[in-house]
Amino acid sequence: MALEFINLYREQLIESAIVAVVMIGLRMVISYFVNRFSDRKNKVKQRANLVMKYVDFILILIASVFAFLIWSLNARDIGVYASSVFALIGIGFFAQWSVLSNMTSGVIIFFTLPYKIGDRIKIHDKDFPIIAIIEDIKGFHMNLRTDDGGLHTYPNSLIMQKGVTLVQDGVATRIVDPVDGTQDNEHFNKPV
């Protein structure tokens with residue numbers, strides 16, 4: 001029985017094994033480079049693990065598509081399957097654009113921006129300016145702790161859209177009220 005299955009589907013089994021080996025090898029290479037980047041830039045290991053979860057999800061999705069192609073797709077049905085998949089992906093992107101933009105921003109923040117956990121930043125937002133210490137950078141948002149002890153969650157996509165200054169020790173910073181131009185000297189006009 002097992003030999004009949006192997007003989008009947010030999011080509012599909014070999015192609016599936018090749019896809020599995022390639023995906024595992026690709027994951028190992030990507031993992032090596034993400035961890036190397038994390039070590040060189042003094043990023044938190046937890047953030048590298050989060051990026052690898054995203055990579056794993058994408059690789060599993062790609063492997064699933066290849067497995068589907070290897071095991072059950074006929075050449076004449078490609079158009080029907082492709083249009084169905086693209087329609088579902090389009091609906092998913094439209095429905096989840098905010099979630100996807102925050103996830104993408106989280107990955108971009110990991111690789112390119114100079115902020116890391118423990119840094120004091122100033123977010124230049126017209127309506128809600130904030131000076132805080134980064135407590136954690138998650139997949140969708142940052143946890144920011146202000147001097148008065150308040151915990152703020154700030155979406156990653158907004159961090160990418162707003163001006164953010166890395167505040168150095170001993171630098172005096174100010175928050176100016178956008179309505180009347182007065183300064184809030186009580187909390188923010190002091191060296192950090």
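A polar contact of 3.4 Å links the side chains of N143 and H141. That pair belongs to a predicted model. The chain has 192 residues, and 26% of them count as buried. Seven helices and five strands make up its elements.

**Around N143**
- N143 sits in strand 3, which covers residues 141-145.
- Its relative accessibility is 12%, so N143 counts as buried; the cut-off for buried is under 20%.
- Beyond residues up to four places away in sequence, N143 touches I133, I134, E135, D136 and K138.
- L151, H152 and T153 are also touched by N143.

**Around A132**
- A132 is part of strand 2, residues 130-137.
- With a relative accessibility of 2%, A132 falls under the 20% cut-off and therefore counts as buried.
- Neighbours within four places in sequence are set aside here: A132 is in contact with D119, R120 and I121.
- Contacts of A132 also include L144, R145 and T146.
- G149 is 17 residues away from A132 along the chain. The C-alpha atoms of A132 and G149 are 9.4 Å apart.

**Order of elements**
- Starting at the N terminus, the chain runs α-α-α-α-α-β-β-β-β-α-β-α.
- Five helices in a row therefore open the order, by the DSSP runs numbered from the N terminus.
- Four strands follow, and then come a helix, a strand and a helix.

**Annotated spans**
- An unreviewed UniProt entry places the feature "transmembrane region" at residues 12-34, 54-73 and 85-113.
- In the model, residues 12-34 are 100% helix and 0% strand.
- The C-alpha atoms at the two ends of residues 12-34 lie 32 Å apart.

**Surface**
- The accessible surface of the chain is about 12,700 Å².
- Carbon and sulfur atoms account for 65% of that surface.
- One nonpolar surface patch measures about 650 Å².
- F57, I58, L61, I62, V65, F66 and L69 form this patch.
- L61, one of the patch residues, lies in helix 3, residues 45-72.

**Contacts across the chain**
- Take the contacts in the chain with a separation of 6 or more. Residues 24 or more positions apart account for 51% of these.

Methods
Residues are numbered from 1 along each chain as its sequence is written. This is a predicted model: local features need pLDDT of at least 70, side-chain atom pairs count only at pLDDT 80 or more; totals for chains, interfaces and linings use all residues. Side-chain values use heavy atoms; hydrogens and water are left out. Buried means under 20% relative accessible area, exposed over 50%, partly exposed in between (1.4 Å probe, protein chains only). A polar contact is a pair of N or O atoms within 3.5 Å; within protein, one must be able to donate a hydrogen and the other to accept it, and residues adjacent in sequence count only if both atoms are side-chain atoms. Contact means heavy atoms within 4.5 Å. Patches are made of residues with over 30% relative accessible area and no salt bridge: like charges are joined within 9 Å, nonpolar side chains (Val, Leu, Ile, Met, Phe, Trp, Tyr) within 5 Å. Accessible areas come from the Shrake-Rupley method with a 1.4 Å probe; for residues, only the protein chains shown count as cover. A salt bridge is a side-chain nitrogen of Lys or Arg within 4 Å of a carboxyl oxygen of Asp or Glu. UniProt positions are given in the numbering used here, feature names are shortened, and annotations may be inferred rather than shown by experiment.
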